[in-house]
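Colleague: I have a new model on my screen and I want to learn how to read it. Can we go through it feature by feature?

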Amino acid sequence: GLKAYTQYVVQAAAYPDIDEAESLRERLQARFPQSPVIIDMASNGFFAVVAGPFDEESQARQLSRQLQRDGITNLVRRCHRFSFIVSAPMLLSCFL
């Protein structure tokens, strides 16, 4: 059967232009090499720059505070993942 669990990501920005999103993604990945930074295409056509996922909200909040200190407004999103008990994650949905 399916087992649900929650993870967290930090969204640093969302752009209508993928080149702007990629530029920020590269800067953040260089600044925070310990955290994966990806571009997630939202249903509204914007390209969201997100770091994570993190298993603990406190981990996401820590990165969020570091980004704030660097002058980057951001938000922490909760993501619900679903996986088969013996397999890798298969679905992801994030909520503000």
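**Reading the fold**

Modeller: Start with the order of elements. Along the sequence, the protein chain runs β-α-β-β-α-β-β. That is two helices and five strands. Keep in mind that the model is predicted.

Colleague: Then how is confidence spread? Where is confidence lowest, and where is it highest?

Modeller: Begin with the whole chain, then go to the elements. Mean pLDDT for the protein chain is 84, and 80% of its residues reach 70 or more. Helix 2 has the highest confidence, at 96. Strand 5 (residues 89-95) has the lowest, at a mean of 45. Over residues 83-93, pLDDT stays under 50. The model still has 26 contacts beyond four places in sequence for residues 83-93.

Colleague: What share of the residues counts as buried?

Modeller: Of the 96 residues, 32% are buried. Accessible surface is a companion figure. For the protein chain it comes to about 6,000 Å², with 54% belonging to carbon and sulfur atoms.

Colleague: Now the helices. What span should helix 1 have?

Modeller: Compare the expected span with the model. Helix 1 has 14 residues, so at 1.5 Å a residue it should span 20 Å, and its end C-alpha atoms are indeed 20 Å apart. Next, look for its buried residues. They are A21, L24 and L28. These cover an arc of only 70° around the axis, so they sit on the same side of helix 1. The face turned away from that buried side carries the exposed residues D19, R27 and A30.

Colleague: Which residues are buried in helix 2?

Modeller: In helix 2, the buried residues are A60, L63, S64 and L67. Seen down the axis, they fall within an arc of 105°, so they line one face of helix 2. Its length also fits: helix 2 covers residues 57-69, 13 in number, and reaches 18 Å from first C-alpha to last, close to the 18 Å expected.

Colleague: What about backbone angles? What is the usual case?

Modeller: Most residues other than glycine have a negative phi, and most peptide bonds are trans. Now look at this chain. G71 follows helix 2 and has a positive phi, near 85°. G45 takes a positive phi near 90° in the hairpin of strand 2 and strand 3. That hairpin has five residues between its strands.

Colleague: How many bridges join strand 2 to strand 3?

Modeller: Five, and the two strands run antiparallel. To follow the pairing, take one residue and find its partner. For D40, the bridge partner in strand 3 is A48.

Colleague: Where is there a cis peptide bond?

Modeller: Between G52 and P53, with omega about 15°. P53 is found in strand 3.

Colleague: Is S35 buried or exposed?

Modeller: Check relative accessibility against the cut-off for buried, which is under 20%. S35 is at 4%, so it counts as buried. S35 is found in the loop between helix 1 and strand 2. Leaving aside neighbours within four places in sequence, S35 is in contact with Q29, F54 and L63.

Colleague: And Q7, buried or exposed?

Modeller: Q7 is at 9% relative accessibility, so it counts as buried. Q7 is found in strand 1.

Colleague: How far apart are Q7 and D55?

Modeller: Compare sequence with space. They are 48 residues apart in sequence and 4.8 Å apart in space, C-alpha to C-alpha. For the whole chain, consider contacts with a separation of 6 or more: residues 24 or more positions apart account for 60% of these.

Note on methods:
Residues are numbered from 1 along each chain as its sequence is written. This is a predicted model: local features need pLDDT of at least 70, side-chain atom pairs count only at pLDDT 80 or more; totals for chains, interfaces and linings use all residues. Side-chain values use heavy atoms; hydrogens and water are left out. Helices (H or I, at least four residues) and strands (E, at least two) are DSSP runs, numbered from the N terminus. The expected span of a helix is 1.5 Å times one less than its number of residues. Buried means under 20% relative accessible area, exposed over 50%, partly exposed in between (1.4 Å probe, protein chains only). The arc is that of the directions from the helix axis to the C-beta atoms. Two strands pair if DSSP finds at least two bridges between them. Contact means heavy atoms within 4.5 Å. Accessible areas come from the Shrake-Rupley method with a 1.4 Å probe; for residues, only the protein chains shown count as cover. pLDDT is the predictor's confidence in each residue, from 0 to 100.
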